[in-house]
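Could you take me around this structure, stop by stop, and tell me what to select at each one? I have the viewer open and would like to know what is there when I click.

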Amino acid sequence: MNDMISYLKLVYQSIYLPIHYYKEGKCLLQIPESEEAFDFTEVFLPLLKQTEKKMHYIISDEFLYFGIVRNFSTGEDVVLGPAGTAHIGPNELPRIMAECSISAEHKDAVKNYFQILPPVSHDRFLYLLALINAGLNQEVDEPFCYFGYAGDHSDTINEKHTSMLYEAKEKEVFHNSYQFEQQLYHYVETGNVEAIQNLPSMNITTGTIGKNSLRQAKNLFITLVTLLTRHGIAGGLDVETAYQLSDTYIQESERAQSVDTVKRLSYTAILDFTRRVAANKIPRGMSPDIFQCIQFISTHTNQPLSIEDVAEAVGRSRSYLSKKFKKEL
């Protein structure tokens, strides 16, 4: 690419995700430009550059995606991110600022920064890295093959569950997936990522709920995400985050042009929800009253709440909730 800066500006206008362009260690382009003295990539840049691969990405503890595309012969690096699969709410801002070593004085600017950041699915993020790679290295790579998500999926839930859900028999369909799905959603609700990745195979079939195979896959995906959302919330995932994830994945599935793409999206959605539940795990044995309180507080962090407000929201008395909080938390 003769003019990489112009190319990256075009890419940004298409995706509106932050881009940094470095040559021999010097930053030549930062989009969007910021008047504030903070940079989300500074903390993660050394980690991103610890790779001998031309494309690499990481997911931070706060579920921010950062990717890098490198041209080793020219000394050029392009960093994409931060990006996320859900909008960043007021709950996450302090943790993100701490993770990225940004001081509290920039809180308002950070809030504005994330308000205009569009959510993007894991799958789309990988394709965006591949797009940047095509410009930087003049090479076209299928991202899921490059990152090892394609080929033999015998060890992933993608083949063990989602693929089977789309293969209904033309005659005599048996809906035998209930027990398997109960196990799957139990692992999601408990944040058990390892168990999700090691679920045994089952011969699962379903009825016809779409006029063709692609519509069938999309309809099943919508059902899957709806249940992931419910079980994610039951496992302690913030309600607003859960529904934003649901919107992002369903919108992404509607753009899919093949059954394989929907299957792949199913796998990443299952893992995304499960990992987030694991990171936001509520104590075992928590009562429904206290859980409702936590959910109410987490979705109203930008309001001056009192104990009376929380008590009224869940239909309990102040004294009752105070005792329950002290006992359970």
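Here is a tour of some backbone details, two cavities, a spot on a helix and a helix crossing. Keep in mind on the way that this is a predicted model.

**Stop 1: two cis peptide bonds**

Start by selecting Ile31 and Pro32, and display the backbone between them. The peptide bond that joins this pair is cis, with omega about -5°. Pro32 belongs to the loop that runs between β2 (26-31) and α2 (45-48).

Now move on to Gly81 and Pro82. Here too the peptide bond is cis, and its omega is near 10°. Pro82 sits in a strand, β5, which covers residues 76-83.

**Stop 2: positive phi without glycine**

Select Tyr16 next and check its backbone torsions. Phi of Tyr16 is near 55°, a positive value in a residue that is not glycine. You will find Tyr16 in the loop between α1 (4-15) and β1 (19-23). Is its surface buried or exposed? Neither label fits: Tyr16 has 43% relative accessibility, and because the partly exposed class runs from 20% to 50%, Tyr16 counts as partly exposed.

Follow the chain to Glu24, in the loop between β1 and β2. Its phi is also positive, near 55°, and Glu24 is likewise a residue other than glycine. With a relative accessibility of 69%, Glu24 counts as exposed.

**Stop 3: the cavities**

Switch on a cavity display if your viewer has one. How many cavities of 30 Å³ or more does a search of the whole structure find? The search turns up two.

Go to the largest cavity, which holds about 70 Å³ of space. To centre your view, select His20, Gln30, Asp39, Phe40 and Tyr113: of the 13 lining residues, these lie nearest the centre of the largest cavity. The elements that contribute two or more residues to this lining are β2 and β5. By class, the lining of the largest cavity has seven nonpolar residues, five polar and one charged.

For the second largest cavity, with a volume of about 50 Å³, select Gly84, Ala86, His87, Ile88, Phe114, Leu117, Pro118 and Pro119, which line it. Colour these by class and you should get six nonpolar, two polar and no charged residues.

**Stop 4: Lys107**

Select Lys107 in helix α4, which spans residues 107-115. Lys107 has 47% relative accessibility and counts as partly exposed. Add Leu93 to the selection and draw a distance between the two C-alpha atoms: Lys107 and Leu93 are 14 residues apart along the chain, and their C-alpha atoms are separated by 7.8 Å.

**Stop 5: where α5 crosses α12**

For the last stop, show helix α5 (residues 122-137) together with helix α12 (residues 259-279); their axes come within 9 Å and cross at roughly 115°. That angle makes α5 roughly perpendicular to α12.

Which residues meet at the crossing? On the α5 side, select His122, Asp123 and Tyr127; on the α12 side, select Arg264, Leu265 and Thr268. Taken by class, the contact of α5 with α12 is made of two nonpolar, two polar and two charged residues.

Note on methods:
Residues are numbered from 1 along each chain as its sequence is written. This is a predicted model: local features need pLDDT of at least 70, side-chain atom pairs count only at pLDDT 80 or more; totals for chains, interfaces and linings use all residues. Side-chain values use heavy atoms; hydrogens and water are left out. Helices (H or I, at least four residues) and strands (E, at least two) are DSSP runs, numbered from the N terminus. Buried means under 20% relative accessible area, exposed over 50%, partly exposed in between (1.4 Å probe, protein chains only). On a 1 Å grid over the protein atoms alone, a cavity is a set of points where a 1.4 Å probe fits but cannot get out, and a pocket is an open set with protein on both sides within 12 Å along at least five of seven lines; lining residues have an atom within 4 Å of a point. Grid points are joined across faces, edges and corners, and a volume is the space filled by probe spheres set on the points. Ala, Val, Leu, Ile, Met, Phe, Trp, Tyr, Cys and Pro count as nonpolar, Asp, Glu, Lys and Arg as charged, and the others, Gly among them, as polar. Axes are lines fitted to C-alpha atoms, for helices over the stretch in contact, and angles run from 0 to 180 degrees between N-to-C directions. Angles under 35 degrees count as roughly parallel, over 145 as roughly antiparallel, 65 to 115 as roughly perpendicular and the rest as oblique. Contact means heavy atoms within 4.5 Å.
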